[in-house]
Amino acid sequence: MKVSADAEKLRAQGEDVVDFGAGEPDFPTPDNIKRAAVRALDQNFTKYTAAGGTAELKLAVCESHAKDFGTSYSPSECIITVGGKHVIFNLMQALVNPGDEVVIPVPYWVTYKDVVNYAGGKCIFVETDERKGFAVTAAMIEPHLTARTRMVIVNSPSNPSGAVVDRAEFEKIYQLAAARGIYLMTDECYCKFLYDSEPFSIASLPGSKETVLVAGSLSKTYAMTGWRIGFGLVPAPIVTAMTKLQSHSTSNPNSIAQKAAVEALRGPQESVTAMLAEYRKRRDFVIRRLRSIPGVTCAEPRGAFYAYPNVGVAIGKNGIANTTQLAERLLADQRLAVVPGEAFGTNHHVRISYAASMKDLERGLDRLHEFVVKNS
Ligand SMILES: Cc1ncc(COP(=O)(O)O)c(C=O)c1O
């Protein structure tokens, strides 16, 4: 968000900035969803709802999760939140006590670290293997589990790397955690955006509902980032704890957005398929272009809409000491915004969001190419 704000400042000064920083779809919210919001307004659905979300939306979430993944949640195991961030924040507040350890694979989505720290927990970072696409495995996690481990977080497909944990490996991670009574939080924010495998949820595994915590969001799937609707599918006592917290902090998520979310989940799903097809085209283009830059390598993103190239070739050159400085220079010299890898826990990468038009992808990658050649 800081990168986007800096880019916006330059743009306001009339500069031609290409922005690969934003982690959100560049598509508009589909019309059927917008129309549902208008209907909600016309029907004066503009008052408080239950703090944990409407019964209608909870049911729609459970039904769509069952339809997509074969899970069997009931509304008492569902909470509606103010976006995916909110469900993750409330989960940490409800479950993580001071000193508890939370295992987080690297590179990680920035928010995990901060919400764990805010709850007084201790982040235990697990390195992954760039040559294997950054996908975390049970074998990587196991040595980091201790008597204090409260939770393991898996985000597949991953922000920032696009790494995907395949079903068999995910099951191993689940077995490892469940055998020790450790919660497994699966962040399914990008679950529909997979390029070479079928969507699945680890929560569909029989018996897994006791320790698996599903963090979901409509933000990316339905291009609804501004509407702020997320959800949790978790054991009922945890829903109760999170609802208490929510009831005294944010109260209910926006009533109009909840109606729109029901339509998103129950209405036609063609827009999701269309977005995925477009992201795939862009991904193929971006990877090809990144790999053609001398010295730059890039693990294949198998999901989400990010590439995480290794630009180490330009670190330590021309006064660029790290990727934060590289991103600053890239913005200053080439008017290209990317997110430095240090934000995600690695030292030689930048995150590129390809939720941008083909024209901008072409222009931005030309700029990155030129920059790396000049600075390596
Ligand atoms: C991995 C991951 N999880 C969750 C979220 C939360 O999204 P939101 O709060 O917009 O629903 C994001 C957003 O960038 C994300 O990248």
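Biologist: Where in this predicted model is P160 placed?

Modeller: P160 lies in the loop between β5 and α7. The peptide bond joining N159 and P160 is cis, with omega about 25°.

Biologist: Which other peptide bond is cis, with omega near -5°?

Modeller: The bond from S156 to P157 is cis. P157 is found in the loop between β5 (149–155) and α7 (167–179).

Biologist: Why is a cis peptide bond worth a remark?

Modeller: Most peptide bonds are trans. A related remark applies to phi, since most residues other than glycine have a negative value. N44, which is not glycine, has a positive phi near 55°. N44 belongs to the loop between α2 (31–42) and α3 (55–69).

Biologist: What surrounds the ligand?

Modeller: The ligand is surrounded by 14 residues, the closest being G84, D187, S217, S219 and K220. By class, the shell holds four nonpolar, six polar and four charged residues. Helix α4 (residues 83–95) supplies the largest share of the shell, three residues.

Biologist: Why is the pair formed by G84 and the ligand called a polar contact?

Modeller: A backbone N or O atom of G84 is 2.6 Å from an oxygen atom of the ligand. The cut-off for a pair of N or O atoms is within 3.5 Å, so this pair is a polar contact.

Biologist: How do you know that Y190 makes a polar contact with the ligand?

Modeller: An N or O atom in the side chain of Y190 is 2.7 Å from an oxygen atom of the ligand. That distance is within 3.5 Å, and therefore the pair counts.

Biologist: How much of the ligand does the protein bury?

Modeller: Taken alone, the ligand exposes 390 Å², and the protein buries 92% of that. The space taken by the ligand is the largest pocket.

Biologist: What makes β11 and β12 a pair of strands?

Modeller: Strand β12 (residues 350–353) is joined to β11 over two bridges, in the antiparallel sense. Pairing needs at least two bridges, so these strands pair. Within β12, R351 is the bridge partner of V339.

Biologist: In which order do the three strands of the open sheet run?

Modeller: The order is β9-β12-β11, with antiparallel pairing.

Biologist: Why are β9 and β11 called edge strands?

Modeller: β9 (306–307) and β11 (339–340) each pair on one side only, and they are the edge strands of this sheet.

Notes: Residues numbered from 1 in each chain as written. Predicted model: local features only at pLDDT ≥ 70, side-chain atom pairs only at ≥ 80, totals over all residues. Heavy atoms only, no water. Near = heavy atom within 4 Å. Polar contact = N/O pair within 3.5 Å; in protein donor to acceptor, adjacent residues only side chain to side chain. Areas by Shrake-Rupley, 256 points an atom, 1.4 Å probe, with all protein chains shown as cover. 1 Å grid on protein atoms, 1.4 Å probe; cavity = no way out; pocket = protein on both sides within 12 Å on 5 of 7 lines; lining within 4 Å. Sits in = over half its atoms within 2 Å of the grid points. Helix = DSSP H or I, 4+ residues; strand = E, 2+ residues; numbered from the N terminus. Nonpolar A, V, L, I, M, F, W, Y, C, P; charged D, E, K, R; others polar.
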